[in-house]
Amino acid sequence: MLPFESLVRANIQRLTPYSCARDEFKGRAASVFLDANENPYNTPYNRYPDPLQEELKAKLAKAKGVPAKNIFLGNGSDEAIDLIYRIFCEPRLDNVVAIAPTYGMYAVCADINDVEYRAVPLNDDFTLNGDRLLAAVDDHTKVIWLCSPNNPTGNAFNRKEIERIVTTFQGIVVIDEAYSDFNDLPPFRHALDVFPNIIVLNTFSKLWASAAIRLGMAFASEEIIALFNKVKYPYNINQLTQQQAMRMLDELPRVNQWRMTIVNERRNLLPAFAELPICKAVYPTDANFFLARMTDAESIYHYLIDRGIVVRNRSRVQLCGNCLRITIGTPQENNALLGALRQYR
C-alpha cells in the first residue's frame with residue numbers, strides 16, 4: 001500500500017471539519033440544551049441526532065464482529081461510495097478501475113465527481129480476471145471496485161483472486177458485500193487487520209429487510225473511518241433511522257429465519273426456472289437474486305409487467321444480453337412468477 005497521505009486528496013487532508021454542537025461537551029452531563037438553536041418542544045425529535053451514531057455502532061459491532069471504531073454509517077451505501085471518490089480521487093486527474101458488469105452507482109458517482117471510470121469486463125462466465133483488472137491500473141488509479149457477490153450476476157468471486165488484487169494494488173480496494181449475508185463465505189470485514197487498504201461495504205437493505213430506512217455500512221481501518229467522519233455531513237443519519245436499526249438488531253432470530261427461507265427458496269426456484277422452455281441459462285448465485293438468460297428478455301419482461309410482476313431487465317448491460325435479474329421473493333411470489341412464465345407463448 002502506498003503511504004496513506006499520498007492516497008488522500010490534499011484538500012481533504014487540510015480540511016477542518018464542521019464542529020457539531022454536541023461534540024463540544026461530549027462526555028459531560030448536560031440537561032439544559034441552549035447551544036444548537038433547536039426548538040425546546042416536541043422531545044425527542046426536536047434534538048439533533050448523535051452525529052457519530054455511537055449507541056447504534058456499539059450494537060452493530062456485536063452483530064457484525066467488527067469494533068465500533070472500524071464502522072462508518074451512511075445514508076445508504078451510496079453515501080459511502082460517494083465519499084470514497086471525494087476523499088481519494090482528484091477530479092480530472094485520478095481514475096478508478098471496476099469490473100463490468102457491476103453495480104451502476106460506482107460509475108454514476110465517478111461521473112458526478114468528474115473521475116475517470118475504467119470498466120474491465122469479467123470473463124464470459126462472469127468470473128473475475130485479476131490480471132486484466134490490474135493491467136488497467138496506472139499511477140493515477142486510486143480505487144478498485146469489487147462487488148462480491150456481484151450485482152447483477154449474483155456470483156461471489158474467488159477469495160484468493162480478490163486477495164491477490166488487494167495485495168498487488170497499491171491503492172484502495174472497495175469490496176462491496178451487500179449480498180454476502182446470503183452465503184456462508186467468510187466476509188472480508190473480518191480481515192481489516194490483514195488488509196489495511198480495503199473498505200468493505202454492507203447494508204441494512206438486504207438481509208435486514210430495511211431498505212426504506214436507508215442505512216449503509218462501511219468497515220475499514222481507523223484512519224479511513226476518521227476520513228469518512230471528517231468529510232460526511234454532520235448529522236447524516238437521522239434519529240428515526242438509528243432507532244429502527246437498533247430495533248432490527250434485536251430481531252436477529254427473525255432475520256435469520258428470513259435468511260433461511262430465502263436460501264431455501266433460492267435452492268428450489270433456480271432449477272424450476274431453468275426448466276422453463278423460455279430460459280436458456282440460469283447462472284450460479286450466492287445472493288438473494290439470480291441472473292437468467294432468456295429467449296427474448298424484452299418481450300418476457302413486458303409480459304410479466306402486464307401481469308403485475310416486476311423483475312429487472314438487464315439486457316442492455318455489458319455481457320448480459322437477453323438477461324433478466326430476478327429477486328428471490330416469498331414462496332407465493334415465486335410460485336406466481338413460475339406460474340405466469342409457464343403460460344408464456
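Angles under 35 degrees between two helix directions count as roughly parallel. Keep that cut-off in mind for the first pair. One caution as well: this is a predicted model.

Let's start with helices H10 and H12. H10 covers residues 252–274, and H12 covers residues 331–342. Their packing angle is about 0°, and the axes lie 11 Å apart. H10 and H12 are therefore roughly parallel to each other. Which residues of H10 meet H12? Glu265, Leu269, Ala272 and Phe273 do. On the H12 side, the partners are Pro331, Asn334, Leu337, Leu338, Leu341 and Arg342. By class, this contact of H10 with H12 counts 7 nonpolar, 1 polar and 2 charged residues.

Next, the sheets. I'll take the seven-stranded one, with 7 strands in an open sheet. The order is E1-E7-E6-E5-E4-E2-E3, and the pairing is mixed. Which strands stand at the edges? E1, residues 71–75, and E3 do. Each has a single partner strand, so one side of each is left without a neighbour in the sheet. On average, neighbouring strands here are turned by 25° against each other, direction ignored.

Look inside this sheet at E2 and E4. E4 spans residues 141–147. The two strands run parallel, joined by 4 bridges. Ala98 stands opposite Trp145 in E4.

Two helices to point out here. H5, residues 105–112, packs on the sheet. H5 touches E3, E4 and E5, the last being residues 172–176. The direction of H5 makes about 155° with that of E3. Then there is H8, residues 222–231. H8 lies across E1, E5, E6 and E7. Against E1, H8 runs at about 30°. For orientation, E6 is 198–203 and E7 is 215–219.

Now the other sheet. Here 4 strands form an open sheet, ordered E8-E9-E11-E10. The pairing is antiparallel. At the edges stand E8, residues 279–282, and E10, residues 312–313. Each of these has a single partner strand, so one side of each is left without a neighbour in the sheet.

Take the E8 end. How many bridges pair E8 and E9? The count is 3, in the antiparallel sense. Ala281 has Arg293 in E9 as its bridge partner. E8 and E9 also form a hairpin, with 6 residues between them.

Now the E10 end. E10 and E11 run antiparallel, joined by 2 bridges. Asn313 stands opposite Leu324 in E11. A helix packs on this sheet too: H11, residues 297–306. H11 touches E9, which is 289–294, along with E10 and E11. The direction of H11 makes about 35° with that of E11.

Last topic, the largest pocket. How much space lies in it? About 810 Å³. The lining has 41 residues. Closest to the centre are Tyr103, Asn151, Tyr179, Lys206 and Arg325. By class, the lining divides into 19 nonpolar, 13 polar and 9 charged residues.

Where does the lining come from? At least two residues each are supplied by H4, E2, E3, H10 and E11. In residue numbers, H4 is 77–88, E2 is 95–100, E3 is 116–121 and E11 is 323–327. The largest share, 4 residues, comes from H10.

So H10 comes up twice. H10 packs with H12 at about 0°, and H10 gives the largest share of the pocket lining. E11 also recurs: E11 belongs to the four-stranded sheet and supplies at least two residues of the pocket lining. From the mixed sheet, E2 and E3 do likewise.

That's the tour. Over to you.

How values were computed
Residues numbered from 1 in each chain as written. Predicted model: local features only at pLDDT ≥ 70, side-chain atom pairs only at ≥ 80, totals over all residues. Heavy atoms only, no water. Axes fitted to C-alpha atoms, helices over the stretch in contact; angles between N-to-C directions. Parallel < 35°, antiparallel > 145°, perpendicular 65-115°, else oblique. Contact = heavy atoms within 4.5 Å. Nonpolar A, V, L, I, M, F, W, Y, C, P; charged D, E, K, R; others polar. 1 Å grid on protein atoms, 1.4 Å probe; cavity = no way out; pocket = protein on both sides within 12 Å on 5 of 7 lines; lining within 4 Å. Points joined across faces, edges and corners; volume = space filled by probe spheres on them. Pairing = 2+ DSSP bridges.
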